[in-house]
Amino acid sequence: MGISAKLKDASQKRLLDEILTLAAGGGNKQTILRAFDLAAYFTPRRQRPKLAFVRDKIQRDHPAYALAQRVVGDFSPAARDRFIQCFVINCLLRGSQVRDDFSAAHGFAPPFTVLISPTMRCNLACTGCYAAEYPAGRDMSRQTLQRIVDQGREMGTYWFTLLGGEPFIYPGLLDFCAANRDCYFLIFSNGTLIDDQAIHELAHIGNVAPMLSIEGDREATDQRRGEGAFEQQMTVMSGLRTAGVPFGYSITVTRGNWRTVVGDAFVDGLVDKGAVVGWHFLYMPVGRGADTSPMLRPGERNAFRRGIERIRAAKPIFPVDFWGDAPYIGGCIAAKHYVHITSEGWVEPCIFTHFATDNINEVSLLEAFDSPYFNEIRRRQPFNENLLMPCMLIDNPHHSREIMAVSGARPTHPGADGYFGEMAGELDEYAAEVERVYAPIWSASHPSGSKLVAAADGTRGHFAAGP
């Protein structure tokens, strides 16, 4: 390391120490704003408007201020410091320069996050779970898992998401996270193996945030996950909050639960429990015997999108709609901003696109990301000029068929090709109805770039919203 680099590194360390000292001092507004001002020194110039956007919201007492107070006030000291250093500084700020350098060298951006399923084993048998289609007895080796993280870090990726299967079945999972202290890990879990000892370890490690899977209210969760599943998750949430461990929740959104999960009673209950983020994934008909009937119809999907935006503007929690938020990130992020690696090592462009051409046991993460398959996906993105229709599987299915044909990508488990077989006609019809519903909404806000406006749900046809 040269003298200038050493000086820059020392300067960044002093600034980080000051930010952490401010955070430890409490959550009053001026302290938080001062921390944001210091963080700007880490931030590449082109990224500073994003930081200023959040700072302005805090200044104006937006719910983002309450979220920031929870980070500095409710998290354990280790969780608070690791969140600020790993996620805010490394992932969002310092890592930006590494990713910029990577993009300049290779002609495409590295993934912002890498999803890894170290095991597909699970102690539950939830209805409609795609993970059950993968081979369950082939865990990823610890060496492979570490190699993925090391290669991601070299590309500027410091945020990793662990899922499965049930990740806590994987031996030494928290030891692995603790050994990679400069990275931040989200672990999507059914919560059944998060006992008091695990909660104690999470509070001590600090760079892990569990995302607990529920299906809405008690009835919906127990129906899909087994009797008592909802109460068990509530108990785990209480334990995590008491220990100061940041956590969120994950929901598969269906026709049966979407109204509940954007309702005040449901969201307020999770805020009271201590959740800071919510991940919402539309039900996708993946795997053998897949059923399209639980899919949100386009009118329902639009109403759900508006519900998420309402929550985000009004409550101290950050809900994410994986489809409805696509306009904010330029459409589909598959093979562009994220990637999924199965326990067998297959590198998939998306958690719902179970097709691959490369295996991480045979190629590097960079080679997989620069494959003809991934390049073909990126070449076509966005798949639709209407960014409310981001998905190549259910919104633009002709693209997915063509991509698989020209790239030679093969299914990573039996039944994954149902999209292109028995369901093809239904998905074409669904995509046409999505276009009919979302075209006037998009045209009202594009190309002026103004805020998306709400539109009447008046839908019709097979995939129209019910009464």
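Me: What makes Cys391 and Cys350 too far apart for a bond in this predicted model?
Reply: The closest cysteine sulfur to that of Cys391 is in Cys350, at 6.5 Å. A disulfide needs the two sulfur atoms within 2.5 Å, so this pair does not qualify.

Me: Why is Cys391 called buried?
Reply: Its relative accessibility is 10%. Buried means under 20%, so Cys391 falls in that class.

Me: And why does Cys86 form no bond with Cys183?
Reply: Cys183 holds the closest cysteine sulfur to that of Cys86, and the distance is 7.1 Å, too far for a bond. Cys86 is also buried, with a relative accessibility of 0%. By the 2.5 Å rule, the count of disulfides comes to zero.

Me: Happy with that. What makes Glu231 and Arg218 a salt bridge?
Reply: Their closest N and O atoms are 3.0 Å apart. The cut-off is 4 Å, so the pair counts. Glu231 belongs to helix α10 (residues 229–243) and Arg218 to helix α9, so the contact ties together parts that are 13 residues apart in sequence.

Me: Are these two side chains buried, exposed or partly exposed, and how do you know that?
Reply: Glu231 has a relative accessible area of 39%, and Arg218 has a relative accessibility of 42%. Partly exposed covers the range between under 20% and over 50%, so both residues carry that label.

Me: Why do Glu300 and Arg255 count as a salt bridge, and which parts of the chain does the pair link?
Reply: The closest N and O atoms of Glu300 and Arg255 are 2.9 Å apart, so they meet the 4 Å limit. The pair links distant parts of the chain, 45 residues apart: Glu300 is in helix α13 (residues 298–314), while Arg255 is in the loop between β5 (248–253) and α11 (258–261). Glu300 is buried at 4% relative accessibility, whereas Arg255 is partly exposed at 29%.

Me: What makes Arg310 and Asp264 a salt bridge, and which network do they belong to?
Reply: Their side chains meet at 3.0 Å, N to O, so the 4 Å limit is satisfied. Arg310 sits in helix α13 and Asp264 in helix α12 (residues 264–273), distant parts of the chain that are 46 residues apart. Arg310 is partly exposed at 36% relative accessibility, and Asp264 is partly exposed at 36% too. Salt bridges with shared partners join Asp264, Asp268, Arg310 and Lys315 into one network. For the whole model, the count comes to 23 salt bridges.

Me: How do you know that the buried residues of α12 are on the same side?
Reply: Those residues are Phe266, Val267, Leu270 and Val271. They cover an arc of only 135° around the axis, which puts them on the same side of α12. Ala265 and Asp272 are exposed on the face turned away from that buried side.

Me: Which residues of α8 are buried, and what puts them on the same side?
Reply: In helix α8 (residues 196–205), the buried residues are Ala198, Ile199, Leu202, Ala203 and Ile205. Their arc around the axis is only 170°, which places them on the same side of α8. Asp196, His200 and His204 are exposed on the other side.

Me: Let's turn to empty space. What makes a space a cavity, and how many are found?
Reply: A space is called a cavity because a 1.4 Å probe fits there but cannot get out. The search of the whole structure finds two cavities of 30 Å³ or more. The largest cavity holds about 70 Å³, and the second largest about 40 Å³.

Me: What lines these two cavities?
Reply: The lining of the largest cavity includes Arg70, Asp74, Leu240 and Arg241, and α4 (63–74) and α10 each supply at least two of its residues. By class, that lining has five nonpolar, two polar and three charged residues. Around the second largest cavity, the lining includes Asn190, Gln232 and Gln233. Helix α10 gives the largest share there, three residues, and the classes are two nonpolar, five polar and one charged.

Me: Which residues are closest to the centre of the second largest pocket?
Reply: That pocket has about 330 Å³ of space. Of its 14 lining residues, Thr127, Glu215, Ala220, Arg224 and Thr254 are closest to the centre. Helix α9 (residues 218–225) supplies the largest share of the lining, four residues. The lining divides into three nonpolar, seven polar and four charged residues.

How values were computed: Residues are numbered from 1 along each chain as its sequence is written. This is a predicted model: local features need pLDDT of at least 70, side-chain atom pairs count only at pLDDT 80 or more; totals for chains, interfaces and linings use all residues. Side-chain values use heavy atoms; hydrogens and water are left out. Buried means under 20% relative accessible area, exposed over 50%, partly exposed in between (1.4 Å probe, protein chains only). On a 1 Å grid over the protein atoms alone, a cavity is a set of points where a 1.4 Å probe fits but cannot get out, and a pocket is an open set with protein on both sides within 12 Å along at least five of seven lines; lining residues have an atom within 4 Å of a point. Grid points are joined across faces, edges and corners, and a volume is the space filled by probe spheres set on the points. Ala, Val, Leu, Ile, Met, Phe, Trp, Tyr, Cys and Pro count as nonpolar, Asp, Glu, Lys and Arg as charged, and the others, Gly among them, as polar. The arc is that of the directions from the helix axis to the C-beta atoms.
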